[in-house]
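Thanks, everyone, for making the time this morning. I would like to walk through one model with you, going from its buried parts to the way its strands and helices are arranged.

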Amino acid sequence: MTQLELSADHLSPKLNHLASLMQHYLQPEHSVAHGGHVRSIAAGYYTVAGMSRHVRLGEFVAHKSATGIHLGEVVRVEPELVYVCPIEPGEPIGIGDTVIRKGAFRVAPDESWCGRTLNSLCDPIDGKGTLTKGFERRSISNTAPPSMKRKRIETGFQTGVRAIDIFSPLCLGQRLGVFAGSGVGKSTLLSMLAQADAFDKVIIALVGERGREVREFIEDTLGENMRKSIAIVATSDESPMLRKMAPLTAVTIAEHFRDKGDNVLLIIDSVTRFAHAIREVATASGEPPIARGYPASVFTELPRLLERAGPGEEGAGTVTAIISILVDGDNHNDPIADSTRGILDGHVVLKRSLAEEGRYPPIDPLASISRLARKAWTPDQEKLVSRLKALVHRFEETRDLRLIGGYRPGADPDLDMAVKQVPIIYDVLKQSPGETVGVDAFADLAAALRAAANGQPVNRK
């Protein structure tokens, strides 16, 4: 046959698809493997000479040492030198070692990854064998879909957490922040949200977490839900590059399943440690700080990560993102919290004082807000929640007055109602991680208020 007869135009659609896949995978990433050598070594980075014209910021390189090949990321490019942060901690580096350009880091997700626990490089760490690579390879540095092509968010869902379902309900494709200080209970709340039944896939990024908590979260918290979940883990003792990559790898996997039509839940715990990792890398490469020790690149990377979550284009699924933000010193206006709050579609605030009172989850209903709540509430529910918030506010602002005996029943009907009903509302909002909840949080609240009005004991499920 002639070469024309063997062209792709004469192949069947399936063979044509197979030919394109073979061409994609057999062709090297770059026609020329550009390389250089290590010029100097410093704490947190090393410099490479001979590659400045051939690499781009954010690309990966392979460093050949006496112990094997190790990856690094380009964090700064100068006319004569390239600054590289090693991916693995404790990597042996010597002057003159060879460094080869690898290009953008890519992952190839597959359906068989469900139920697996991976590191930031998508290598399995659960001892269950090697991973099957998918056909589509995606760069972890992708951009968000075009804003005018994304679907509108329309559909609400039940999380199973009554305080959220009543006061700040969520929709498929929404991005919610959980703001809390250390030890207040944000990881526990995230574990409750991870058990929601509205999703086809659950992608979890544990960034800078304690190593002992990883198995507890996966085995105890997720339980049966692990069958549809993929966990990306970078513990606190790993390098800042791995902690920086974990959320990027997780959102890339979530995008893969979203584009296939799945509704995906993405949980990142926590984006603050992601920002800390970026700060470590940027500071080591010489970038100056601009806001409380954070360099400018932190405030560039945060929206690039968070905007990738959300609804896909028409015909695709959604990525609902629940992001935890660790507020330093319980200051909810620190740079990371303030910047993240302006990007997300709502926030849930956990108060330490509520946790000290034994109210779990310690969600402050007055400080928490969902910017898409009207998509999830019915008109009657919206009116009810507005009234409930007014009662809670009235109850809290008169707390000191009531403690000193300045409250007299009958003088203020609204305050009388708040004093009777708000403690019942607070009792309904209490919820432990393993507690069975009703299908409708509003029905649970209504049943408790009716029982109290009839002088019956409140029966919470």
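Before I begin with a helix, one term has to be fixed: a residue is called buried when its relative accessible area is under 20%, and exposed when that area is over 50%. Please also keep in mind throughout that what you see on the screen is a predicted model.

With that term in hand, let me turn to helix α3, residues 186–193, which is mostly covered, since six of its eight residues are buried. The buried residues are Lys186, Leu189, Leu190, Ser191, Met192 and Leu193, and you will notice that a lysine and a serine appear in that list together with leucines and a methionine. What lies over these buried residues of α3 includes two helices, α2 (162–167) and α4 (211–222), together with the strands β12 (175–180), β15 (263–269), β19 (318–326) and β20 (346–349).

Let me step back to the whole chain for a moment. It has 461 residues, of which 50% count as buried, and its secondary structure comes to 14 helices and 21 strands. Taken along the principal axes, the C-alpha atoms fill a box of roughly 90 × 55 × 40 Å. If we consider the contacts in the chain with a separation of 6 or more, 72% of them are between residues 24 or more positions apart.

Now to the strands, where I would ask you to follow the order with me. Six strands close into a barrel, in the order β1-β2-β5-β4-β3-β6, and the pairing is antiparallel. Neighbouring strands of this sheet are turned against each other by 45° on average, with direction ignored.

Going through some of these pairs, strand β1, residues 35–42, is joined to β2 in the antiparallel sense over five bridges, and one of the bridge pairs sets Ser40 against Thr47 in β2. These two strands form a hairpin with two residues between them, and Gly44 in the turn has a positive phi of about 95°. On to the next pair: β2 and strand β5, residues 81–86, are antiparallel over four bridges, and here Thr47 stands opposite Tyr83 in β5. Thr47 is thus paired with Ser40 as well as with Tyr83.

How many of the residues of strand β2, residues 45–49, are buried? The count is five of five, so that the strand is described as mostly covered. Both of its faces are covered, with Tyr45, Thr47 and Ala49 buried on one side and Tyr46 and Val48 buried on the other.

Strand β6, residues 98–103, pairs with β1 in the antiparallel sense over three bridges. In β6, Thr98 is the bridge partner of His37, and Val99 is that of Gly36. Strand β3, residues 60–65, also pairs with β6 in the antiparallel sense, over five bridges, and there His63 stands opposite Val99.

Let me move to a pair of helices. Two packed helices are described by the angle between their axes and the distance between the axes. The axes of helix α11, residues 379–397, and helix α13, residues 413–429, come within 8 Å and cross at roughly 100°, and α11 and α13 are therefore roughly perpendicular to each other. On the α11 side, the residues that meet α13 are Arg387, Leu388, Leu391, Val392, Arg394, Phe395 and Glu396, while the α13 side includes Asp414, Leu415, Met417, Val422, Ile425 and Tyr426. Sorted by class, this contact has 12 nonpolar, one polar and four charged residues.

Two smaller points remain. On cysteines, the number of disulfides comes to zero, with a pair of sulfur atoms required to be within 2.5 Å. Cys85 is buried with a relative accessible area of 2%, and Cys171 is buried as well, with a value of 0%.

The other point concerns a loop: Gly127 is found between β8 (116–118) and β9 (138–139). Is Gly127 buried or exposed? Its relative accessibility is 75%, so Gly127 counts as exposed. The C-alpha atoms of Gly127 and Arg116, which are 11 residues apart along the chain, are separated by 9.3 Å.

Note on methods:
Residues are numbered from 1 along each chain as its sequence is written. This is a predicted model: local features need pLDDT of at least 70, side-chain atom pairs count only at pLDDT 80 or more; totals for chains, interfaces and linings use all residues. Side-chain values use heavy atoms; hydrogens and water are left out. Axes are lines fitted to C-alpha atoms, for helices over the stretch in contact, and angles run from 0 to 180 degrees between N-to-C directions. Angles under 35 degrees count as roughly parallel, over 145 as roughly antiparallel, 65 to 115 as roughly perpendicular and the rest as oblique. Contact means heavy atoms within 4.5 Å. Ala, Val, Leu, Ile, Met, Phe, Trp, Tyr, Cys and Pro count as nonpolar, Asp, Glu, Lys and Arg as charged, and the others, Gly among them, as polar. Buried means under 20% relative accessible area, exposed over 50%, partly exposed in between (1.4 Å probe, protein chains only). Two strands pair if DSSP finds at least two bridges between them.
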